[in-house]
Amino acid sequence: MFNLRDFHHAGHAPTLWASFLYFAFSCGIWVINGAMAPFISETYQLSPAQKGLMLSIPIFAGALMRFPLGVLAQYIGRKNATLVEMTGIALAMGFGYFFVASYHDLLAMGVLLGIAGASFGVALSLGSGSFPPRYKGLAMGLVGAGNVGTAACALLAPPLAQQFGWQTVYGFAAIGIALPMLVMVFCAQEPPDNNHHASLREHVACLFEKDGWAFSLIYAVTFGGFIGLTSFLPSYFHDQFGVGKVQAGQLTMLVAFLGAALRIVGGWLSDHWGGINTLTGVLAVTAISLVLCGLAEGSLLTTMLLFLLCFAALGAGNGALFQLVPLRWPLATAVAGSMIGEIGALGGGLIPSAMGLSRQYTGTYLWGFVLFAACAAAMLALLRTMQPRWTRTWVDKGGRARPMPA
């Protein structure tokens, strides 16, 4: 029977919550251009393809920065790595406030927003590092629920942009990042689950393993779908259904919040039912709901209900997959998580561009949804192919943690 007090005492709770706050702020800043896309598009009169590129660049940049940050964290410590990154975020926000004056400047700003997107693997490893295997899924789910920062950004950025101008929102973000920095400095401590004597090749061994790439491709659907759709939806609601800019952000907030909250449920469910079993259901629901979203583009109510179902599945899938990661790489979770997060986020970067190209050249977003659904179905087939070997070698039946020896 789950007991919250036992869970808190099993690891270092202040580090867990400091990691959650750090990840939440980072996620929100990472998708800030998506939240403000209707305002930015109006300023520069962007085509669907240009808008898709603008939304994709921060996701791609964040993905590419994740693995180097994870490797750095193995050497300077995960807590120190978070402080280095948050300093970079503050400088990037300063660039956005003072120097963005054209569409090309905006694309450069997208690269700098990638600094915020690099936080993933380090945040989850830092927050869950002091917890035993039986609680890893829940601990990672709680930190990963920092994805709720995307929902907060979608809710807050549009009205701030409307009131003060969208560039000023970068300035607010630069000030806001001071809060998680202070909490990290005074509340967090470095967990003991690190092999300080390992070589660089040992740290990056997951790069050369089939399991690492299988996890990465599956995560490209679950997390890639979450972050890619979160960046895309304010523009989709505004362009497809004609809702106001602030209202488009509010609708995005609803689905993103559900996806972030269900990450906790996915981690908890995977601790008890198994990460493989949970991912099987997640990928099936994702594939079906995405096709239906594309077919329902004439009805805002039906589309919202389907997006809620889709994001619930994606969020649970994120928690389920990262219940498995520390079981597979117990001493290199930061690096493995960063690599998997990197490939996963790269998948998300394709979504806004694919949607923009589908709309520009076919007049509908349907084929972007169908392509993403096909990827989910392919990952379901991959998961079922890998399952027998996984349950023979490093994880218990269904994807549960193997019992620890007495």
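Helices here are DSSP runs of at least four residues, numbered from the N terminus. With that in hand, Ser270 can be placed in helix H15. One thing to keep in mind throughout: this is a predicted model.

**Exercise 1. Work out how the chain as a whole is built.**

*Step 1.* Start with the secondary structure: the chain has 19 helices and zero strands.

*Step 2.* Now look at the overall spread. The C-alpha trace spans about 65 × 45 × 40 Å along its principal axes. A compact globule of 406 residues would have a radius of gyration near 22 Å, and the chain has 20 Å, which agrees.

*Step 3.* Next, check the cover. Of the 406 residues, 59% count as buried. The chain exposes about 15,200 Å², and carbon and sulfur atoms supply 69% of that.

*Step 4.* Finally, the contacts. Take those with a separation of 6 or more: residues 24 or more positions apart account for 85% of them.

**Exercise 2. Find out what surrounds Ser270.**

*Step 1.* Is Ser270 buried or exposed? Its relative accessible area is 0%, and buried means under 20%, so Ser270 is buried.

*Step 2.* Leave out residues up to four places away in sequence, then list what Ser270 touches: Gly275, Thr278, Ala320, Gln323, Gly399 and Arg400.

**Exercise 3. Classify two aromatic pairs and say which parts of the chain they link.**

*Step 1.* A search of the whole structure turns up 31 aromatic pairs. Let's begin with Phe23 and Phe120. Their ring centres are 5.8 Å apart and their planes stand at 55°, so this pair is tilted.

*Step 2.* Where do these two sit? Phe23 is in helix H2 (residues 13–30) and Phe120 is in helix H8 (residues 120–128), so to speak of sequence, they are 97 residues apart and the pair links distant parts of the chain. Both Phe23 and Phe120 are buried.

*Step 3.* Now take Phe215 and Trp329. Here the centres are 5.6 Å apart and the planes stand at 85°; planes over 60 degrees apart count as edge-to-face, so that is the label for this pair.

*Step 4.* Phe215 belongs to helix H14 (residues 210–241), while Trp329 lies in the loop between helix H17 (300–328) and helix H18 (333–362); 114 residues separate the two. Phe215 is buried at 1% relative accessibility, and Trp329 is buried too, at 8%.

*Step 5.* Back to Phe120 and its helix. How many residues of H8 are buried? Nine of its nine residues are, and H8 is mostly covered. Among them are Phe120, Val122, Leu124 and Leu126.

**Exercise 4. Trace the partners of Lys245.**

*Step 1.* Look for a ring. The charged end of Lys245 sits over the ring of Phe39, 5.7 Å from its centre.

*Step 2.* Look for an opposite charge. Lys245 forms a salt bridge with Glu42, and the closest N and O atoms are 3.3 Å apart.

*Step 3.* Put both ends on the chain. Lys245 lies in helix H15 (residues 245–273) and Glu42 in helix H4 (residues 37–44), so the salt bridge ties together parts that are 203 residues apart in sequence.

**Exercise 5. Follow the salt bridges of Arg328.**

*Step 1.* Why might such residues pair up? Side chains of opposite charge can pair when their charged atoms come close. The whole structure holds six salt bridges.

*Step 2.* Arg328 forms a salt bridge with Glu209, the closest N and O atoms being 2.8 Å apart. Arg328 is in helix H17, and Glu209 is in the loop between helix H13 (200–203) and H14, 119 residues away.

*Step 3.* Arg328 also forms a salt bridge with Asp211, with the closest N and O atoms 2.7 Å apart. Asp211 is in helix H14, 117 residues from Arg328.

*Step 4.* Compare the cover. Arg328 is partly exposed at 21%, and Glu209 is partly exposed at 22%, whereas Asp211 is buried at 2%.

*Step 5.* Join the pieces: salt bridges that share partners connect Glu209, Asp211, Arg328 and Arg389 into one network.

**Exercise 6. Describe what stands out at Gln45.**

*Step 1.* Check the backbone: Gln45 has a positive phi of about 50° although it is not a glycine.

*Step 2.* Place Gln45: it lies in the loop between H4 and helix H5 (48–76).

*Step 3.* Judge the cover: exposed means over 50%, and Gln45 has a relative accessible area of 62%, so Gln45 is exposed.

Definitions and conventions: Residues are numbered from 1 along each chain as its sequence is written. This is a predicted model: local features need pLDDT of at least 70, side-chain atom pairs count only at pLDDT 80 or more; totals for chains, interfaces and linings use all residues. Side-chain values use heavy atoms; hydrogens and water are left out. Rings of Phe, Tyr and Trp (its six-membered ring) pair if their centres lie within 6.5 Å; planes under 30 degrees apart count as stacked, over 60 as edge-to-face and the rest as tilted. Buried means under 20% relative accessible area, exposed over 50%, partly exposed in between (1.4 Å probe, protein chains only). A charge sits over a ring if NZ of Lys or CZ of Arg is within 6 Å of the ring centre and within 35 degrees of the ring normal. A salt bridge is a side-chain nitrogen of Lys or Arg within 4 Å of a carboxyl oxygen of Asp or Glu. Contact means heavy atoms within 4.5 Å. The radius of gyration is taken over C-alpha atoms; the globule rule is 2.2 Å times the number of residues to the power 0.38. Accessible areas come from the Shrake-Rupley method with a 1.4 Å probe; for residues, only the protein chains shown count as cover.
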